Amino acid sequence: MARARTTVNRAVLAASGLALLLVGAWLALANRAPSWWPAVDTGTLWPTRTRLARLRAEDWWTPTVLATAILLTLLLAYVCLAQLRPGPARHLALPSPGGTVRPRALAEALTARAATVPGVARARARVLPRRRRLDVGLRVWLHPGTPPDAVLPSLHAVTAEAERATAPYTAYTRIRLSTPSRRRSRVR
């Protein structure tokens with residue numbers, strides 16, 4: 001949900017920016033206002049005070065301005081409140097009756113289990129629930145000199161255990177292995 005929200009936000013922002021850029025470029029290149037644009041004398045405001053007084057005298061003007069302002073305010077308030085909604089599910093349903101687990105608790109358990117594998121210096125897990133699936137990211141830092149082949153079968157066993165524990169969900173796991181840098185720290 002969070003990724004979809006980010007995509008929608010970026011798409012709306014890009015579309016608005018492109019529209020404003022095109023209109024601004026067109027006005028700059030045309031070097032004049034469009035033919036349908038009301039003419040404004042130099043040194044005057046648009047709309048003029050007399051035109052504004054005539055508009056206010058119309059029966060439709062005030063309700064239209066108020067309705068537009070209210071609709072824009074409600075639309076912007078909805079967008080702001082939508083940003084505060086929680087993204088992923090707060091609890092994952094498990095096959096046992098009434099059994100649930102939080103994605104963060106599952107990530108912490110995966111992190112703890114992966115850190116106990118011999119050759120692993122430290123680990124970090126991330127669990128993102130999607131519809132009927134889990135995206136699991138496991139980042140593992142190895143001790144110096146530990147080959148990845150020695151650690152990978154144990155890490156696969158840890159992720160398989162987590163997948164069996166969350167049986168109704170299908171887990172898509174990505175394991176990223178890192179080794180410590182061989183560069184020496186320098187003191188200046």
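**A salt bridge, a hairpin and a crossover**

Glu 161 and Arg 113 form a salt bridge, with their closest N and O atoms 2.7 Å apart. Glu 161 belongs to helix H5 and Arg 113 to helix H4, so the pair ties together parts that lie 48 residues apart in sequence. Neither partner is buried. Glu 161 counts as partly exposed because its relative accessibility is 35%. Arg 113 also counts as partly exposed, at 39%. This is a predicted model, and the distances should be read as such.Step back to the whole chain. The protein has five helices and five strands. From the N terminus on, the order is α-α-α-β-β-α-β-β-α-β. Of its 188 residues, 21% count as buried. The accessible surface comes to about 14,800 Å². Carbon and sulfur atoms hold 61% of that surface. Among contacts with a separation of 6 or more, 50% join residues 24 or more positions apart.

Now turn to strand S4, residues 133–142. Nine of its ten residues are buried, so the strand is mostly covered by the cut-off of under 20% relative accessible area. What pairs with S4 in the antiparallel sense? Strand S3, residues 120–130, does so over ten bridges. Within this pairing, Ala 123 stands opposite Val 140 of S4. S3 and S4 form a hairpin, with two residues between them. Arg 132 sits in the turn and has a positive phi of about 60°.

S4 also pairs with strand S5, residues 170–178. Here the strands run parallel, and nine bridges join them. Trp 141 stands opposite Ser 178 in S5. From S4 the chain passes through helix H5, residues 148–165, before it reaches S5. This β-α-β crossover is right-handed.

Next, the nonpolar core. The largest one has 22 residues. Which of them touch the most other members? They are Leu 110, Val 120, Val 127, Leu 134, Val 140 and Leu 155. Four elements give two or more residues to this core: helix H4 (103–115), S3, S4 and H5. S4 supplies the largest share, five residues.

Leu 155 deserves a closer look. Leave aside its neighbours within four places in sequence. Leu 155 is then in contact with Ala 114, Val 117, Leu 138, Val 140, Ile 175 and Leu 177. Val 140 thus turns up again: the residue opposite Ala 123 is also among the contacts of Leu 155.

Return to the charged side chains. How many salt bridges are there? The count comes to three. Two of them involve Asp 135. Asp 135 meets Arg 130 in a salt bridge of 3.2 Å, N to O. Arg 133 also forms a salt bridge with Asp 135, the closest N and O atoms being 3.3 Å apart. Arg 130, Arg 133 and Asp 135 are thus linked in a network.

Is Asp 135 buried or exposed? It counts as buried, because its relative accessibility is 15%. Both arginines differ from it in class. Arg 130 is partly exposed, with a relative accessible area of 21%. Arg 133 is partly exposed as well, at 31%.

Terms used. Residues are numbered from 1 along each chain as its sequence is written. This is a predicted model: local features need pLDDT of at least 70, side-chain atom pairs count only at pLDDT 80 or more; totals for chains, interfaces and linings use all residues. Side-chain values use heavy atoms; hydrogens and water are left out. Buried means under 20% relative accessible area, exposed over 50%, partly exposed in between (1.4 Å probe, protein chains only). Two strands pair if DSSP finds at least two bridges between them. A crossover is right-handed if, with the strands pointing away from the viewer, the path from the first strand over the helix to the second runs clockwise. A nonpolar core is a set of buried Ala, Val, Leu, Ile, Met, Phe, Trp, Tyr and Cys residues joined through side-chain atoms within 4.5 Å. Contact means heavy atoms within 4.5 Å. Accessible areas come from the Shrake-Rupley method with a 1.4 Å probe; for residues, only the protein chains shown count as cover. A salt bridge is a side-chain nitrogen of Lys or Arg within 4 Å of a carboxyl oxygen of Asp or Glu.
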